[in-house]
Amino acid sequence: MSKVENKKLFIQTLGCQMNDTDSEHIIAELHEHKNYDVTTVMEEADLIIINTCSVREKPVQKLFSEIGQFNVKKKPGAKIGVCGCTASHLGKDIMKRAPYVDFVVGARNISKIKDVVDVKGAVEIDIDHDESTYEFAKLKTSKYRTAVNISIGCDKQCTYCIVPATRGDEISIPPEMLVAQIQKDVDNGAVEVMLLGQNVNSYGRRFSDGRAKSTFTKLLQEISKIDGLRRIRFTSPHPLHMGDEFLEEFVKNPKISKCIHMPLQSGSTKILKSMKRGYSKEWFLNRAKKLKDAIPELRITTDIIVAFPGESDEDYQDTIDVVKELKFDQIFNFKYSPRPNTAALDLKDIEVDDKIASKRLTDLIDLHKEHQSELLARNVGKTIEVFFEDLKSNGEVAGLSDNSLLVFVQGSDELLGKFVNVKIISASRTALKGEIAK
Ligand code: 5AD
Ligand code: SF4
């Protein structure tokens, strides 16, 4: 008897790491419950899904141009679905603009995917839907790493941000579910976990079963007890919730990667207030310096929005001052983009001229490039422990250090899955080259 072939799913993901995990859940759920296998060729797919981001205007525009293309080139009869944050905030309007779309599933409703794929016209965007205890089928994307969402939604109201409107209120996933999931992944070979959430260090404020509150620090301690798990990474923490207890755990827990994402957004206390970030320039500098003093090899990455409404030359200079003082290892730079359902829309009258905004963005990028080269060059001559996980076709093997430095050496697949000491011999702006230390 010939085997019935599975249907084919093509999925395109825009946006953040939470969207990546949501896409993995979609793939795994559709494989397990609906017999879909992934294809990278859109033209041969029976189902095309685009998992969207709406944090800035650009990805939203991209959505409509992409699905238009898909609709022209797809196999006859193939279905098109739109998932994620843009699905949440545009809902039915997506079908008004693009009537060939078959279904829409919001970022908070991913667990419903298996039920709606066959329902023409389905729109599932309930912002109060609670899937914090839903056990998603899981896709294995890397042999050595796993990623888990530790919370869904966000309780903050940063005035530029659409996320609370698309992902809803924050609910934490019970720690015992997280520990069990990570334990299972470690039993299957994972050595590293990435903990994901919009605001990871406010973890534990609300569980859907009404149990007592907990904290992110406690969760880190619980997860650290998992034997065989070597590294814990997380993103994104909020600088406001970086109290002393959290910083102490970060410093002393050897399993926690010494690369931290600290989204600054702006270096001006006035602008931070207007963004409702809840901290000042001084608090941010104090937290970052405390960590830097305690951990010499610490690397800090950040997000910065330039030209938030009302940002004067002095405010921008405050941001530049913080950047010069801390020298971030990586900056994700954004020009402010007005978003629907956000409080900053009320500041329309004081929006920054687009030419000035673009100049601020390029100046910041240039400054950061100088810092990046300088920071990476400091590693030449040092010996660093690297976990190798990727064999390239040119005979190089790539891996990451504990503090997320990307390192290449000449080698073979024998290095894969191993922690090895590497002597660094050269640096570019984004990566290091080395040789295995004798
Ligand atoms: N405009 C520009 N950047 C934004 N971000 C979030 N909302 C906006 C917006 N309206 C940026 C923030 C956030 C990152 C994920 O995206 O820096 O940390
Ligand atoms: Fe948006 Fe602020 Fe929540 Fe981050 S913390 S997701 S920027 S509202």
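Student: How do the residues of the shell around ligand 2 divide into nonpolar, polar and charged?

Tutor: A word on the basis: this is a predicted model in which local features need pLDDT of at least 70, side-chain atom pairs count only at pLDDT 80 or more, and totals for chains, interfaces and linings use all residues, while side-chain values use heavy atoms and leave out hydrogens and water. Residues are numbered from 1 along each chain as its sequence is written, with chains lettered from A and ligands numbered from 1 in the order in which they are written. Among the residues around ligand 2 (one heavy atom within 4 Å of it) are Cys154, Lys156, Gln198 and His238. With Ala, Val, Leu, Ile, Met, Phe, Trp, Tyr, Cys and Pro counted as nonpolar, Asp, Glu, Lys and Arg as charged, and the others, Gly among them, as polar, the shell has six nonpolar, two polar and two charged residues.

Student: Which two strands each supply at least two residues of the shell around ligand 1?

Tutor: That shell includes Asp303, Ile305, Phe334 and Lys335. Strands (E, at least two residues) and helices (H or I, at least four) are DSSP runs numbered from the N terminus. The two strands are S13 (299–306) and S14 (330–335).

Student: How much of ligand 1 does the protein bury?

Tutor: Start with its polar contacts (N or O pairs within 3.5 Å): a nitrogen atom of ligand 1 is 2.8 Å from a backbone N or O atom of Ser337, and an oxygen atom of ligand 1 is 2.6 Å from a side-chain N or O atom of Asp303. Taken alone, ligand 1 exposes 400 Å² (Shrake-Rupley method, 1.4 Å probe), and of that area the protein buries 86%.

Student: In which sense do S18 and S19 pair, parallel or antiparallel?

Tutor: Strands pair if DSSP finds at least two bridges between them. S18 (residues 419–427) and S19 form a hairpin with four residues between them, and Val422 has Ile436 in S19 as its bridge partner. Over five bridges, the sense is antiparallel.

Student: How wide an arc do the buried residues Phe246, Leu247, Glu249 and Phe250 of H9 cover around the axis?

Tutor: These four are buried (under 20% relative accessible area, against over 50% for exposed and in between for partly exposed, with a 1.4 Å probe and protein chains only) in helix H9, residues 244–252. On the other side of H9, Glu245, Glu248 and Lys252 are exposed. The buried four lie on the same side of H9 because their arc, taken from the directions from the helix axis to the C-beta atoms, is only 160°.

Key. Polar contact = N/O pair within 3.5 Å; in protein donor to acceptor, adjacent residues only side chain to side chain.
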